[in-house]
Amino acid sequence: MTGSVSRLDKKVLETGVRSNPASALAGTIPGIRVQQTSGRPGAVPSVTLRGGTTYAGGGNPLVIVDGLIRSGFNDINQNDIESIDVLKDASATAIYGARAANGVVLITTKKGKEGVSNVTLQSKVGINTLNSPFKFLNARDYINWSRKGVQLSGQYQPSQLDQLTKVLPFGTGNLYKDANGNILDGNVTSNAVWSTMFLDDTNRELLQQGWQTMIDPVTGKELIFKDFDYADYALRDFSLTQDYNIAVQGGNDKGKYYGSVGKYNEKGMPISSFYDRTTFVLNGDYKIKPWLQSFSGVNFAYTKWRDAINGEGNYMTRALGAPPTMRGVNANGELLVGKDWQDGNPVVNDDKFIRKNINQKLTLSQAFTVNFLENLSLRVSGNWFFNQSTAESFNKDYLASPGNYVRTRNSSASYDKIYNQTYNAVLNYNTNIREDHHIDAMIGWEFFDAYNNGFSASGTGAPTDDFMDLGLTSPEANKRAIDSYHDRQRITSYFGRVNYDYKEKYLMTLTARRDGYSTLLNNRWGTFPGISLGWALHKEDFLKDYLGADHTVNSLKLRASYGANGNVSGIGSYTLQGSYGTSKYDGQVGYTMSTLSIPNLKWESLMTKEVGLETRLFNKLDLTVAYYHRTTKDKIANLTLPASAGFTTITTNNGDMQNQGVEVDLNYQLLRKSNWDVNVSWNTAYNKNKILKLPYNGVENNRQGGLQVYDSKTKELIWVGGFQEGQDPNVAYAYEATGIIRTQQDLDNYALQLKDLIGARTLVHPDVFNALPADQKGLYYPLALGDVMWKDVNGDGIINSYDRVYMGNTVPKWTGGFGLSVRWKDLSLNSRFDYALGYVAYDGPRAWFLGMMQGTFNTTTDVFNTWTPENPNAQYPSYYWADQLFKNNTSRESSMFYNKGNYLAFRELTLGYRLPKTLANKIKMEDLNVSLTGQNLHYWTKNTLFSAESGSVGQGGGGYPLPRTFILGLQLTF
């Protein structure tokens, strides 16, 4: 092998529970980055090879299962997988042509084996627990800090002090009884939703029901309140993941078979959420004639799921961070909805939102191999892939907010079907010339057809909650909507490959593929060649005294490759043709161009050069090192147009980009004896992206977008960020917090000669503020103790947008992983770690909580570390109500909430026991394995987001953290 190809260790697929196999790639193969940013059941991680092919560092690899292209990793049962190979360089991927620019992941499912006949039963049950980085305040602390925050903000805008007495989670305008002494119902009136009130004779009886009291930090009066934890209702204490499989396999010299049925069910942490998958696989081959062999395959997956109603990020943020002073129940013991259906108790309306999501994937494959001669064969095959989805939604009458029922009974349904056909014919020939020269050649043709059609319909006004039938919705005008669509893409391809070796010492592979793609118009055809060379030095006679089994270096192979790939991903089937729409002007209907025609868009061309070595040392250590350099020319991207163009963006060949990096893969067999096996593995990869060329636009570096900042050395303005020639497109700039104003001396030294233009109003020293004319004071705020000091980069005494500084890269430069595998007799212990280094991540959610930017939501325990006169050495500035309306201490994007994104994930630890063969045979079994696995156990990181693997998350954003999972597994083979 002369190309860059890595294979996943099969042991990884035998441990843990996964709704798809993508997460198994994390930290196992050099050069591949797996981002697991969501713990939602069925979520598919983001997978990127070698820094990606987009300016943002993304690009999904081509996933091929048993020769058939799939849309991704979703709904693939890991228990049916025999092997996963990752093709990384162009010489290896060129044979797959137009869609292989981002690399190729080849998944091969299990096949039957000759002379084997067995049945395998497998069961795994996992317990999932929430793994959140945030700790929120209880009601007592929430009231204390919220009211003090309003009091502080009220010093600058006294009108905001009425928040303290309003009907709010921390306000005292809430009521227990009306003027007639009747107990109010929080599902009827918003006055009775929140528990915070001044203690008096009308509500004192609530103390007998578990309510609590505290002293108001603002007025000194006694408050009464109740503690409510949304998580007790919105989230499960724990959830279960269950994975069951039964497989049979067998074969003889005429035919082989493998069949399996799998059931996977994962409950989510949010109530009522789940992912459920049933799979069926049947692979068989049969020798019909000595010269004719048949290969057949069926792969079916049926999945259904339900997600959190208002999105996983919002749900988790709101479920954990909603105000904890909600009363919870009314006088009748009925649950209260809270503020509204989105920010309240989800249990109240959970059964009112009917969601039915179903997906069915069916793959059928049939191939025949005709052996004309011992060294000449023809393989013809057909693959058919059906991907069908249905989604039904119905909202029964539900309580949207106190006293407000929504009775529109919205109903919708959609249907989507994808039907992909792939047909190919491949002629294979191999021969030896004078025993020393070996040639293996292949030439082929392929036709791919993808047809997608579907429809959707919606309506309102159904007469009853009992039926969600669209036919029962109101036929009145504007109460119904319907749509349908059709889409088709086709690719015709011709390809060939020649493998040559001389005495297995000198190796060469030539590949070429020519694709014609229906999506393009005037440039439909592209040709993608590749060549790779290898030199097995350990087979050279003149090195036999230095290399070989009896020497330190047992084997050594050098390799080099060069190849091309094309890419047109992300372009719709008809996007380049342009489109027209209708509009009215002066009562007349006219046609206007909706999207521009782009007939001359060209293939995105990727040229990859690579050199590497593979060696074995001490008969124990296998080492692979590779350097790659990839240039993407005629990069396809959206170009922003000036407003005068009439269009906002256009898809075009927008420049050239470079990726280059180094990959290292090491496996060390530390110990191998009769009762002991100890193996260590480690891999790492470094990647750096740079823009080489952009279309000429008359500005420096042909810059697109970006921002101006002061250069810290020259104090002159420069352009950074955006897209610029010679620069990395993935960089972050923000304001640098140099400290907190802790003393009067700090305030004087920092602010006497300074204006901060980034506050909600201009921020100045109190003396400067007090000296302002009365009619100008409304344009300024005085700085105070507890506010943030910002770096004035050019020293001009003004903080403005030019004072932002470099925070770091937003995409990791280093990725990798390592593992330890130990076996003692029939006991085994396997561990797996992965990491990413060299980037920063912005924690917008934490800034949002610490700035009380929503105005009523809870905050985190970080508030205990905010500046107060009693805590002058705190880490964070003063806690303001709605910081974005005042000083912008936390709401301006700054170094305070940029953290190193570096993480080390303790991904998996498995303890296993295999029953000795002699004992297993006595109970009529071939094998018995028991295992206990911990999954997603811990992150070592300074990244404080919901997922340590996330990039930056903006203010008000959220996330669904990966659950920590403990799994008991049992496998029986008969």
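Strands here are DSSP runs of E with at least two residues, numbered from the N terminus. That is how to read a name such as β43, the strand where Val805 is found. Keep in mind that this is a predicted model.

**Figure 1. The whole chain, before we zoom in.**
Let's start with the overall picture. The protein chain has nine helices and 50 strands. Its radius of gyration is 32 Å, close to the 30 Å that the globule rule gives for 974 residues, so the chain is as compact as a globular protein of that length. Along the principal axes, the C-alpha atoms fill a box of roughly 100 × 80 × 70 Å. About the inside: 51% of the 974 residues count as buried. About the outside: the chain exposes about 43300 Å², and carbon and sulfur atoms supply 54% of that area. Among contacts with a separation of 6 or more, 70% are between residues 24 or more positions apart. As for charge, there are 97 positive and 92 negative side chains, and the centres of these two sets lie 5 Å apart.

**Figure 2. A look into the largest nonpolar core.**
This core has 50 residues. Those with the most contacts inside it are Phe170, Tyr750, Trp790, Met807, Trp881, Phe897 and Tyr898. Several helices and strands each chip in at least two residues, including α3 (139-154), α6 (744-751), β43 (804-809) and α8 (844-850). Which of them gives the most? That is α3, with six residues. There is also a second, separate core of 21 residues, and Val12, Ala22, Leu25 and Ile29 are among its members.

**Figure 3. Phe170 and the company it keeps.**
Phe170 is one of the residues with the most contacts inside the largest core. Leave aside its neighbours within four places in sequence, and Phe170 is still in contact with a good list of residues, including Tyr142, Ser146, Arg147 and Val150. Other partners on that list include Leu164, Thr196, Met852 and Trp881.

**Figure 4. Val805 in strand β43.**
Is Val805 buried or exposed? It is buried, with a relative accessible area of 13%; the cut-off for buried is under 20%. Not counting residues up to four places away in sequence, Val805 touches Ala732, Tyr733, Ala734, Glu736 and Val793. For a sense of scale, try Lys396, which is 409 residues from Val805 along the chain: the C-alpha atoms of the two are separated by 52 Å.

**Figure 5. Helix α5, tucked inside.**
Helix α5 covers residues 312-321. Seven of its ten residues are buried, so this helix is largely enclosed by the rest of the structure. The buried ones are Gly313, Tyr315, Met316, Thr317, Ala319, Leu320 and Gly321. What does the covering? The cover over these buried residues includes α4 (231-234) and α8.

**Figure 6. Two loops with an unusual backbone angle.**
Most residues other than glycine have a negative phi. Here are two that go the other way. Ser272 is not a glycine, yet has a positive phi of about 70°. Look for Ser272 in the loop between β13 (255-267) and β14 (274-289), where this serine is partly exposed at a relative accessible area of 25%. Glu504 is not a glycine either, and has a positive phi of about 60°. Glu504 is in the loop between β22 (480-502) and β23 (506-517), and is partly exposed too, with a relative accessible area of 48%.

**Figure 7. Val498 in strand β22.**
Strand β22 is where you'll find Val498, which counts as partly exposed at 32% relative accessibility. Setting aside residues up to four places away in sequence, Val498 touches Ile439, Asp440, Ala441, Met508, Thr509 and Leu510. Now pick out Gly171, 327 residues from Val498 along the chain: their C-alpha atoms are separated by 78 Å.

**Figure 8. Ile598, a buried loop residue.**
Ile598 lies in the loop between β27 (588-595) and β28 (604-617). This isoleucine is buried, with a relative accessible area of 11%. Which residues does Ile598 touch, not counting those up to four places away in sequence? They are Leu521, Leu576, Ile650 and Thr651. Take Thr651 from that group: it is 53 residues from Ile598 in sequence, and the two are 7.6 Å apart in space, C-alpha to C-alpha.

Technical notes
Residues are numbered from 1 along each chain as its sequence is written. Side-chain values use heavy atoms; hydrogens and water are left out. Helices (H or I, at least four residues) and strands (E, at least two) are DSSP runs, numbered from the N terminus. The radius of gyration is taken over C-alpha atoms; the globule rule is 2.2 Å times the number of residues to the power 0.38. Buried means under 20% relative accessible area, exposed over 50%, partly exposed in between (1.4 Å probe, protein chains only). Contact means heavy atoms within 4.5 Å. Accessible areas come from the Shrake-Rupley method with a 1.4 Å probe; for residues, only the protein chains shown count as cover. Lys and Arg count as positive and Asp and Glu as negative; His and the chain ends are not counted. The place of a charge is taken as NZ of Lys, CZ of Arg, CG of Asp or CD of Glu. A nonpolar core is a set of buried Ala, Val, Leu, Ile, Met, Phe, Trp, Tyr and Cys residues joined through side-chain atoms within 4.5 Å.
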